[in-house]
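Trainee: Got a minute to go through this one with me? I'd like to begin with the charged contacts.

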Amino acid sequence: MIELSSLLDLIRSLPQYRELRETLAARPTRGRHVPMLAAARPPMAAALASEFNAPVLMICARADRVATLAQELPSWAPSTEVITFPEPDPLFYEPLPWGPRSRQLRVETLARLTQPGGTQPLIILTSARAIMTRTISPEQFAAHTRQLVAGSSLELDSFLNSLIGSGYEPESIVTERGQFSRRGGILDLWPTAAPAPVRVELIADEIETIRRFDPATQRSSDPVQELQVGPAREGLPAYYKQSSDLPLPLAEAQPILEFFIPWMTPDPQTVLDFLPPETLVLAEDLAGIKVAIGELEAQALELHIKQVESGNLARE
């Protein structure tokens, strides 16, 4: 990877950049339109991310542009954390499973936004369809997040039930994110937002140790003092079971729970509702985003009509 971060000082020295930085530092209530060549947008985002102690959300018109920026930005901002909030694989009103990679990256981003801010700059790349896709609320996400601390108490049976309600799947051996396994007083668990699985050893109701382990060899390694365990997915079984007017038994709906989010939660929201107030939101190509949203709305309306006509959706 070619590092281009040394060129950011040239951008910061431009009067136009300094004026923009001062305007954004004042936290204006309305957005500002800044015409800019496409090639200049990644270094501009990198420069702003390095100067503001806040997340930067960069919205692109389409997923292919997100992928391009995800490759370019690390060259401009090697010390900045760059993550993506992808759009799900199915289109709106398609009752199909979300891909595991999309589910993982989306939950990782939501977990990252609900954690206390760190010192490392953060850029979140996303697309128009990704921010239009409904999810659970920050309060619901937080309600299904638990902090495990070595030396603290844990009622294991209750915790296992909460894991199932949060979308985790019981397995004999943990090899993938979103799985857990219990063997007596030992709990293996791989939180969706964690880089590696952990092994929690308990004596009675007290956590004795928390250690990472290799999913290939199953051997324990480094100890950790604490671990945040958030939801395994956005479509949570706990909320599906609370709904009385959904068409499928939970076992049949399990692969497509995200499809039912608008029915499962009284106030479904988007990633925008998870953003801290100080977040800097950049529309990478405002005209292109508006076009993409118009196309997506027309496509969604067409799919909705087809689903109603086929009997898969009730008429409103």
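Mentor: Sure. A search of the whole structure turns up 15 salt bridges. Keep in mind that this is a predicted model.

Trainee: Okay, which residue does Arg12 pair with?

Mentor: Arg12 makes a salt bridge with Glu51, and the closest N and O atoms are 3.4 Å apart. Arg12 sits in helix H1 (residues 8–12) and Glu51 in helix H3 (residues 41–51), so the pair ties together parts that are 39 residues apart in sequence.

Trainee: How exposed is Arg12? And Glu51?

Mentor: Arg12 is partly exposed, at a relative accessible area of 22%. Glu51 is partly exposed too, with 32%.

Trainee: Which residues are in a salt-bridge network with them?

Mentor: The network links Asp9, Arg12, Arg21 and Glu51.

Trainee: Moving along the chain, what does Arg177 bind to in a salt bridge?

Mentor: Its partner is Glu108, with 3.9 Å between the closest N and O atoms. This pair links distant parts of the chain: Arg177 is in the loop between strand S5 (169–170) and strand S6 (179–183), while Glu108 is in helix H5 (residues 100–114), 69 residues apart.

Trainee: Buried or exposed, those two?

Mentor: In between. Arg177 is partly exposed at 29% relative accessible area, and Glu108 is partly exposed at 22%.

Trainee: What about Arg199, where's its salt-bridge partner?

Mentor: That one is Asp188, and the closest N and O atoms are 2.7 Å apart. Arg199 belongs to strand S8 (residues 198–203) and Asp188 to strand S7 (residues 186–189), with the two positions 11 residues apart in sequence.

Trainee: And how accessible are they?

Mentor: Arg199 has 9% relative accessibility, so it counts as buried, the cut-off being under 20%. Asp188 is buried as well, with a relative accessible area of 0%.

Trainee: Switching to the charges overall, how many positive and negative side chains are there?

Mentor: The protein chain has 28 positive and 40 negative side chains. The centres of the two sets lie 3 Å apart.

Trainee: Backbone next. What's up with phi at Ala204?

Mentor: Ala204 has a positive phi of about 60°, although it is not a glycine. You'll find Ala204 in the loop between S8 and strand S9 (206–213), and it is exposed, with a relative accessible area of 71%.

Trainee: And what about phi at Gln218?

Mentor: Gln218 has a positive phi of about 65°, and it isn't a glycine either. Gln218 lies in the loop between S9 and strand S10 (220–223). Its relative accessible area is 22%, which makes Gln218 partly exposed.

Trainee: Let's zoom out. How many helices and strands does the chain have?

Mentor: The protein chain comes to 12 helices and 12 strands.

Trainee: What's the radius of gyration, and what would a compact globule have?

Mentor: The protein chain has 22 Å, which agrees with the value near 20 Å for a compact globule of 316 residues. Along the principal axes, the C-alpha atoms fill a box of roughly 65 × 55 × 35 Å.

Trainee: How much of the chain is buried?

Mentor: Buried residues make up 46% of the 316. The chain exposes about 16300 Å², with carbon and sulfur atoms supplying 53% of that.

Trainee: Last one: what share of the contacts joins residues at least 24 apart?

Mentor: Among contacts between residues at least 6 apart in sequence, 66% do.

Technical notes. Residues are numbered from 1 along each chain as its sequence is written. This is a predicted model: local features need pLDDT of at least 70, side-chain atom pairs count only at pLDDT 80 or more; totals for chains, interfaces and linings use all residues. Side-chain values use heavy atoms; hydrogens and water are left out. Helices (H or I, at least four residues) and strands (E, at least two) are DSSP runs, numbered from the N terminus. The radius of gyration is taken over C-alpha atoms; the globule rule is 2.2 Å times the number of residues to the power 0.38. Buried means under 20% relative accessible area, exposed over 50%, partly exposed in between (1.4 Å probe, protein chains only). Contact means heavy atoms within 4.5 Å. Accessible areas come from the Shrake-Rupley method with a 1.4 Å probe; for residues, only the protein chains shown count as cover. Lys and Arg count as positive and Asp and Glu as negative; His and the chain ends are not counted. The place of a charge is taken as NZ of Lys, CZ of Arg, CG of Asp or CD of Glu. A salt bridge is a side-chain nitrogen of Lys or Arg within 4 Å of a carboxyl oxygen of Asp or Glu.
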